[in-house]
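Please look at the sequence and the structure shown below, and keep both in view while you read. The paragraphs that follow go through some helix pairs and then through some single residues.

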Amino acid sequence: MSTAATRPTSLLWSVYEHLAMVVGLSALALVCLSWTPPALALYPLLPRPLGRWLGRQAIMRGFRLYVGILRLLCACRFDLSEIDALRDQGPMVIAANHPSLLDAVLITSRLPNAVCFMKADLMDNPLLGAGARLARYVRNDNLLTAVLNCRRELQQGAQVLIFPEGTRTRGYPANPINPLSRSTALIAARAEVPVQTLIVEFSSPYLGKGWPIWRRPLLPLTCRIRLGRRFEAPRNPGAFTQELEDYFRAMLDPSSPPMASSAAA
């Protein structure tokens, strides 16, 4: 995915890219900060089911508002329509590649019952932590506990969103994906649910690994997230992890032969 041929190169456009960066990052901080005080106050007060529902609804709607701001003011073009097909398809592990900090924002903006499998330091982040805790997102610092917590959420009807690389892709797009951890396989196997892949494609590595947060984006920024293959609940986590990595690599590497994507109805 590339916008090199259509991207303006004037000085005025360069100034706009800097302004768009400031607007985009400020809007994200404002959306998160506006929800932090209510989430902190409601977490100890609400019954767990109600808090979980409210927390996930707030995240979905807040991030949907943010995506709208990026589209309107920051020359961002997102094709997220295929994600909507998953909304009513029941519990599953949703595994996506991870080229940018925006991935989780874009995906959760479309799913009302998503649970993010999050880095512990993000769960402790003052900007994100309160909302994530209210939504009962799962922290990854203890794998056994995390697997059991994910299984509990899946048994209650949630969809667990995980980035199997564990961090953003290094060297995207030249390197399509990092080696995968076994977390996806362990969660899906323990809960006996399928793994639905999402293929995330950006026009540039903006906010990817090694992209400084103060570096302006190359606009227009385009992103498409499409449904990939749905795998049955794995029986052999090691073999499944390698199969999943091979699949992502084949789908994302332009030098690989094309593979047909599919999603179970």
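A good place to begin is helix H6 (residues 143–155) and helix H7 (residues 183–191), whose axes come within 9 Å and cross at roughly 50°; helices here are DSSP runs of H or I with at least four residues, strands are runs of E with at least two, and both are numbered from the N terminus. The axes are lines fitted to C-alpha atoms, for helices over the stretch in contact, and the angles run from 0 to 180 degrees between N-to-C directions. H6 and H7 are therefore oblique to each other, given that angles under 35 degrees count as roughly parallel, over 145 as roughly antiparallel, 65 to 115 as roughly perpendicular and the rest as oblique.

This is a predicted model, in which local features need pLDDT of at least 70 and side-chain atom pairs count only at pLDDT 80 or more, while totals for chains, interfaces and linings use all residues. Residues are numbered from 1 along each chain as its sequence is written, and side-chain values use heavy atoms, with hydrogens and water left out.

The contact of H6 with H7 (contact means heavy atoms within 4.5 Å) is made on the H6 side by Leu-143, Leu-144, Val-147, Leu-148, Cys-150, Arg-151 and Leu-154, and on the H7 side by Ser-183, Leu-186, Ile-187, Arg-190 and Ala-191. These residues divide into 9 nonpolar, 1 polar and 2 charged, where Ala, Val, Leu, Ile, Met, Phe, Trp, Tyr, Cys and Pro count as nonpolar, Asp, Glu, Lys and Arg as charged, and the others, Gly among them, as polar.

H7 also meets helix H8 (237–252), and the axes of H7 and H8 come within 8 Å and cross at roughly 125°, so that H7 and H8 are oblique to each other. Thr-184, Ala-185 and Leu-186 of H7 are in contact with Pro-237, Phe-240, Thr-241 and Leu-244 of H8, and by class this contact has 5 nonpolar, 2 polar and no charged residues. Which residues of H7 are buried? They are Ser-183, Thr-184, Ala-185, Ile-187, Ala-188 and Ala-191, where buried means under 20% relative accessible area, exposed over 50% and partly exposed in between, with a 1.4 Å probe and protein chains only. Just after H7, Glu-192 takes a positive phi of about 55°.

Another pair is helix H1 (residues 11–42) and helix H2 (residues 48–73), which pack at an angle of about 165° with their axes 10 Å apart. That angle makes H1 roughly antiparallel to H2. The contact of H1 with H2 has 15 nonpolar, 2 polar and no charged residues.

Turning to single residues, Asn-97 sits in the loop between strand E2 (92–96) and helix H3 (103–108), and with a relative accessible area of 0% Asn-97 is buried. The side chain of Asn-97 reaches the backbone nitrogen of Val-200 at 2.7 Å; a polar contact is a pair of N or O atoms within 3.5 Å, and within protein one must be able to donate a hydrogen and the other to accept it, while residues adjacent in sequence count only if both atoms are side-chain atoms.

Thr-108, in helix H3, counts as buried at 3% relative accessibility. A polar atom of the Thr-108 side chain lies 2.6 Å from the backbone oxygen of Ala-104. Leaving aside neighbours within four places in sequence, Thr-108 touches residues including Ile-59, Met-60 and Phe-63.
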